[in-house]
Amino acid sequence: PTTRYFHFELKVVKLSPDGFKRPVWSVNGQYPGPLIQCNKGDRLVIRVTNNLGDPATIHWHGIFQRETNWYDGVPGQTQCPIPNRITFTYNYTLEQSGTYWYHSHFLAQYVDGLVGPLIVHDKDDPYLHSYHEEYVLTVSDWYHSPSAPLLVQRVAPHYTGGNPYPDAALISGVGQYNCSSPTADYYCNPNVPPPTYNVQKGKKYRFRIINTSAYAFFTFSIDNHPLQVIEVEGTPVKNAKAAKVKVLPLHIAQRYSVILTANQPIDNYYIRASIIDSCLGAITNETINGNSSINFNATGILHYHGAGSKKPTSTAYPFTFPLCQDLNANAIRPYKDSPAPNNVTDKFVFSVTFNLNDDDVGLLGINNSSFVPTLNNPTSQRIMLQENFTDFDKDQNAYGYDTPYGCVQITLFNNQTANHPFHLHGHTFWIIASGPGVTMANISTSKYNLKNPVIRDTTIVPANGHIVIRYIADNPGVWAFHCHIEWHVELGLVAQLFERPTEFSNRTLPDDVRALCMEYNSHKKQKR
Ligand code: C2O
């Protein structure tokens, strides 16, 4: 194992990922941020210098952070925000391997561009010798407006519209916006070259695909090339027939590795990433129809060596699975048999709820509790939470459990008409049930799949449906469990799970984590 050092400078720069120029909240001036590559067992030391003009934090999505809960990057839960012009160093070891990503967890900054891929290689990866080269590819929705005004609108009292609607789809930070639209009233380049991935006939390629969206469910496909799924969110999957797919569904924060075999005639083929807007729910049709330039299909090019530069003529695969759902479980059974524990020591039953607060702001929550104390000033929300940091506030949608080494079961009901991609920090979980029905009566415990359930860290909770998940409580700390639609996070659809609080409270916070809070509080005072 090696220690690897990185320096992230967070700064706002002007970029035009889809041709339309806007300020982008970037890491080192790049969108997506720099690719972090390392090996299982390595230590990452990442100095983050914040020059955004606003506080920020970085979360390492999917990384367990065992013994280092304070580097999980959730403001108000695990750390104080990094004030402007301050440097804070994240420092943690990687016991996992696979495809991960990092993003700001402060307000909606990641919607503005603060995201990047994090890849952990493993010399024991069962598929290591099944491909010649690999590519990392992100798919994302993209907004032309910075998130702050969208957020203010979204959390306004009496607001009845849906979530802010994206303007474009991107592959690896590149899209093609139709600049002739009347809304494109400043610099816009209608001819951004599509991202191109070079292959050689006869070789095999691993593509790691990450959905870094704020809102969008995506389908991903490469014309004429079925994809063999080999990894889901860090877990290698069985080499099953069902794992060969033509169209891959990815909700927000989900990741897959697939193997593509370059066995087609030498040519160029389209790579397609499409936002399936019917999966987003609560959309006002006017917004879509009024904006004819929305490009919901980002395209890239799979270029065979020797094919020349002519445009592809390939056609898209039809969708052959129910939309808005996770990939069929049979396609992603863990490579190593990994049954879920039979016995459960803690059980939580959660429901997604919707309530108007005193100001008539429609808040989402879990069991009628929302993780947002005030919405009047979005910038102050997390600052208020932060004041509760030192003694983790039980009023803030918090669930503590002290069972040492127990197995936790969460049943989550979603009686809304749209699905929610839920993510658990600090763990992977077994999905032992997922389906329609929003009461206990709809769940038959005898049908739980404990034998060979799917393992992930982010899963869709179907509209008018439920999931039942289990995980091992072997990681003391405060862990967020939340819908990854960023607009829903801002409306409070976040629970805090305080795992083994007694044990965690006995740990000593590192000096730099403490110092950051002192720094943060003094900055706050100076501002006043
Ligand atoms: Cu990507 Cu709280 O998560």
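**Exercise 1. The nonpolar core**

Task: In this predicted model, determine how many residues the largest nonpolar core has and which of them have the most contacts inside it.

Solution.
Step 1. The count for the largest nonpolar core is 136 residues.
Step 2. The residues with the most contacts inside this core are Ile-209, Val-229, Leu-248, Val-258 and Ile-469.
Step 3. Ile-209 may serve as an example. Apart from residues up to four places away in sequence, Ile-209 touches Leu-137, Val-139, Phe-220, Leu-248, Leu-250, Arg-255, Tyr-256 and Val-258.
Step 4. A general tendency gives the background: in soluble globular proteins, nonpolar side chains tend to be buried together.

**Exercise 2. A sheet with Phe-220 and Leu-248**

Task: State the strand order of the open sheet that contains strands 13 and 17, and explain why one side of strand 11 and of strand 17 is left without a neighbour in the sheet.

Solution.
Step 1. The sheet is open, has 5 strands with mixed pairing, and follows the order 11-20-19-13-17.
Step 2. Strand 11 (196–199) and strand 17 (248–250) stand at the edges; each has a single partner strand, so one side of each lacks a neighbour in the sheet.
Step 3. Neighbouring strands here are turned against each other by 20 degrees on average, direction ignored.
Step 4. Strand 13 (residues 218–222) and strand 17 run antiparallel and are joined by 3 bridges. Within this pair, Phe-220 has Leu-248 of strand 17 as its bridge partner.

**Exercise 3. A second open sheet**

Task: Identify which strands stand at the edges of the sheet with strands 30 and 31, and describe how strands 30 and 31 run.

Solution.
Step 1. This open sheet of 5 strands with mixed pairing has the order 23-31-30-25-28.
Step 2. At its edges stand strand 23 (398–401) and strand 28 (458–461); since each has a single partner strand, one side of each is left without a neighbour in the sheet.
Step 3. From one strand to the next, the twist averages 20 degrees.
Step 4. Strand 30 (residues 477–483) and strand 31 (residues 494–499) run antiparallel, joined by 6 bridges. In this pairing, His-482 stands opposite Val-494 of strand 31.

**Exercise 4. The two partners of strand 1**

Task: Decide whether strand 1 runs parallel or antiparallel to strand 4, and do likewise for strand 2.

Solution.
Step 1. In general, strands of a sheet pair through backbone hydrogen bonds, either parallel or antiparallel.
Step 2. Strand 1 (residues 3–15) runs parallel to strand 4 (residues 43–50), with 8 bridges between them. Glu-9 stands opposite Thr-49 in strand 4.
Step 3. With strand 2 (residues 22–27), strand 1 pairs in the antiparallel sense over 6 bridges. Lys-11 has Ser-26 in strand 2 as its bridge partner.
Step 4. The hairpin of strands 1 and 2 has 6 residues between the strands, and Gly-19 in this hairpin takes a positive phi near 105 degrees.
Step 5. Beyond strand 2, the loop that leads to strand 3 (36–39) holds Pro-32. The peptide bond from Tyr-31 to Pro-32 is cis, with omega near -15 degrees.

**Exercise 5. Two residues with positive phi**

Task: Ser-172 and Asn-368 have a positive phi although neither is a glycine. Determine whether Ser-172 is buried or exposed, and whether Asn-368 is buried or exposed.

Solution.
Step 1. Ser-172, with phi of about 45 degrees, is found in the loop between strand 10 (168–171) and strand 11.
Step 2. Ser-172 counts as buried because it has 24 C-beta neighbours inside 10 Å, and the cut-off for buried is 20 or more.
Step 3. Asn-368, with phi of about 65 degrees, lies in the loop between strand 22 (362–366) and helix 3 (378–387).
Step 4. Asn-368 counts as exposed because it has 11 C-beta neighbours inside 10 Å, and the cut-off for exposed is 12 or fewer.
Step 5. Leaving aside neighbours within four places in sequence, Asn-368 is in contact with Thr-353 and Asn-355.

**Exercise 6. Domains and their contact**

Task: Give the division of the chain into domains and describe the side of domain 2 that touches domain 3.

Solution.
Step 1. The chain is divided into domain 1 (1–123), domain 2 (125–336) and domain 3 (346–523).
Step 2. Contact between domains 2 and 3 involves 30 residues of domain 2 and 27 residues of domain 3.
Step 3. On the domain 2 side, helix 1 (residues 147–154) contributes the largest share, 3 residues.
Step 4. By type, the residues of that side are 18 nonpolar, 8 polar and 4 charged.

Notes. Residues are numbered from 1 along each chain as its sequence is written. This is a predicted model: local features need pLDDT of at least 70, side-chain atom pairs count only at pLDDT 80 or more; totals for chains, interfaces and linings use all residues. Two strands pair if DSSP finds at least two bridges between them. Helices (H or I, at least four residues) and strands (E, at least two) are DSSP runs, numbered from the N terminus. Axes are lines fitted to C-alpha atoms, for helices over the stretch in contact, and angles run from 0 to 180 degrees between N-to-C directions. Two residues are in contact if their C-beta atoms, placed from the backbone, lie within 7 Å. A nonpolar core is a set of buried Ala, Val, Leu, Ile, Met, Phe, Trp, Tyr and Cys residues joined through C-beta atoms within 7 Å. Domain bounds come from an automatic or database domain assignment. Ala, Val, Leu, Ile, Met, Phe, Trp, Tyr, Cys and Pro count as nonpolar, Asp, Glu, Lys and Arg as charged, and the others, Gly among them, as polar.
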